[in-house]
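This report walks through the fold of one protein chain, from overall composition to individual contacts. Please keep the sequence and the model at hand while reading.

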Amino acid sequence: MIDKPINDQGVQMNDKQTNIAAKAHATKPVAAEAPHAGHRERLRRTYVDNGVRGMHEHQILELLLTFALPRRDTNPLAHDLLKRYGTLGSVLAANISDLAAVPGMGENAAVLLSLAGELAQGTGAKHESARLNTPMQAMSFCRALLAGEKYETMYVISLDKRRKVIHSDRIGIGTLNETVVYPRVAVECALRHGASSVILTHNHPSGDASPSRADVETTKTVLTALTPIGITMHDHIIIGGNEAYSMVRGELIPSGEIKDVMGKAAEKEF
């Protein structure tokens with residue numbers, strides 16, 4: 001004799017009840033796959049097949065976020081972050097607590113983005129402990145830092161009281177001719193590493209190291225943001241091919257502490 005099925009109350013069902021239950025189970029709708037699941041898979045395949053060069057900034061950010069937010073459509077959040085910070089590089093360089101406070105993010109997603117930013121820099125850890133006591137040392141360091149960059153990219157180099165490099169943060173990635181930098185990101189990086197001073201540096205893929213008007217305006221904006229919190233900007237160095245341009249030596253920005261120490265070194269070197 002075959003045991004009859006048991007209902008939710010623990011009572012055996014008769015044949016009629018069994019048939020009704022079977023029909024109900026057969027017609028029960030199956031949960032549909034999340035509508036964005038296919039999109040996430042396409043993003044992954046694009047990365048696997050072409051790497052990041054085959055993707056837009058919002059797509060890279062969107063794909064990163066899927067690993068921290070697997071059940072969410074991360075497209076709107078990726079666009080929101082880029083709208084807030086301007087560039088992918090600026091998002092990845094942002095403070096973890098600030099990222100976590102963005103609606104829809106949370107700490108897990110913020111940690112993932114920050115970690116991705118740290119790993120992407122690579123050169124920061126490689127050049128730690130270097131001391132930039134002279135303009136030539138600073139220019140040489142900046143050349144190495146920006147070597148191989150095909151697009152205009154900006155870094156803020158955090159220094160301790162002895163001008164020893166603490167860390168180099170990439171704070172902006174742009175096109176062949178332009179990059180967008182948010183002064184707040186440069187300040188956050190300097191504060192995060194406990195910097196006494198900083199050097200800004202970016203490249204001109206065209207090979208011409210001459211500063212543009214936008215370069216000068218951006219530098220002065222960052223300088224204005226750093227001054228009230230007691231962090232000195234030693235220089236902004238532009239790398240273009242084999243050329244290097246110092247805004248301090250070009251007298252486009254005030255020299256700060258560099259006047260007494262690095263200025264004397266400059267006289268000897270140049």
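Where in the chain is Glu-251 found? Glu-251 is found in the loop between β5 (243-246) and α12 (262-269), and its backbone is taken up again below, after the overall fold has been set out.

## Overall composition

The model discussed here is a predicted one. The secondary structure of the chain comes to 12 helices and five strands, and of its 270 residues 42% are buried. Among the contacts in the chain with a separation of 6 or more, 62% are between residues that lie 24 or more positions apart.

## The sheet

The strands form an open sheet of five, in the order β2-β1-β3-β4-β5, and the pairing within this sheet is mixed. Its edges are β2 and β5, each of which pairs on one side only, while the twist from one strand to the next averages 20°. As a general point, the strands of a sheet pair through backbone hydrogen bonds, in either a parallel or an antiparallel sense.

Both senses can be followed at β4. Strand β3 (residues 197-203) and β4 run parallel and are joined by seven bridges, with Ser-197 standing opposite Thr-232 in β4. By contrast, β4 and β5 run antiparallel and are joined by four bridges, and here Ile-237 stands opposite Ser-246 in β5. How many of the residues of strand β4 are buried? Nine of the nine residues in this strand (residues 232-240) are buried, so β4 is largely enclosed by the rest of the structure.

## A helix residue in contact with the strands

Met-139 lies in helix α9 (residues 135-146) and has a relative accessible area of 5%, which means that it is buried, the cut-off being under 20%. Leaving aside its neighbours within four places in sequence, Met-139 is in contact with Ile-237, Ile-239, Ala-244, Ser-246 and Arg-249. Two of these partners, Ile-237 and Ser-246, are the residues that stand opposite one another in the pairing of β4 with β5. The C-alpha atoms of Met-139 and Ile-239 are separated by 8.1 Å, although the two residues are 100 apart along the chain.

## Helix α10 on the sheet and against α11

Helix α10 lies across β1, β2 and β3, and it runs at about 160° to β2. It also packs against another helix, and a general remark helps in reading the values: two packed helices are described by the angle between their axes and the distance between the axes. For α10 (residues 183-192) and α11 (residues 213-226) the angle is about 45° and the axes are 9 Å apart, which makes α10 oblique to α11. The crossing of these two helices is right-handed.

On the α10 side the contact is made by Pro-183, Ala-186, Val-187 and Ala-190, and on the α11 side by Thr-221, Val-222, Ala-225 and Leu-226. By class, the residues of this contact divide into seven nonpolar, one polar and no charged.

## Helices α3 and α4

The axes of helix α3 (residues 57-68) and helix α4 (residues 75-85) come within 8 Å and cross at roughly 125°, which makes α3 oblique to α4. In this crossing, α3 passes α4 in a right-handed sense.

Which residues of α3 and α4 meet? From α3 they are Glu-57, His-58, Leu-61, Glu-62 and Leu-65, and from α4 they are Asn-75, Leu-77, Ala-78, His-79, Leu-81 and Leu-82. The contact of α3 with α4 has six nonpolar, three polar and two charged residues, whereas that of α10 with α11 has no charged residues.

## Two loop residues with positive phi

Most residues other than glycine have a negative phi. Arg-163, which is not a glycine, nevertheless has a positive phi of about 60°, and Glu-251, likewise not a glycine, has a positive phi of about 60°.

Are these residues buried or exposed? Arg-163 is found in the loop between β1 (153-159) and β2 (165-173), and at 10% relative accessibility it counts as buried. Glu-251, in the loop between β5 and α12, has a relative accessible area of 71% and is therefore exposed, the cut-off being over 50%.

Conventions:
Residues numbered from 1 in each chain as written. Predicted model: local features only at pLDDT ≥ 70, side-chain atom pairs only at ≥ 80, totals over all residues. Heavy atoms only, no water. Axes fitted to C-alpha atoms, helices over the stretch in contact; angles between N-to-C directions. Parallel < 35°, antiparallel > 145°, perpendicular 65-115°, else oblique. Left-handed = near helix turned anticlockwise from the far one by under 90°. Contact = heavy atoms within 4.5 Å. Nonpolar A, V, L, I, M, F, W, Y, C, P; charged D, E, K, R; others polar. Buried < 20%, exposed > 50% of the residue type's maximum accessible area, 1.4 Å probe, protein only. Pairing = 2+ DSSP bridges.
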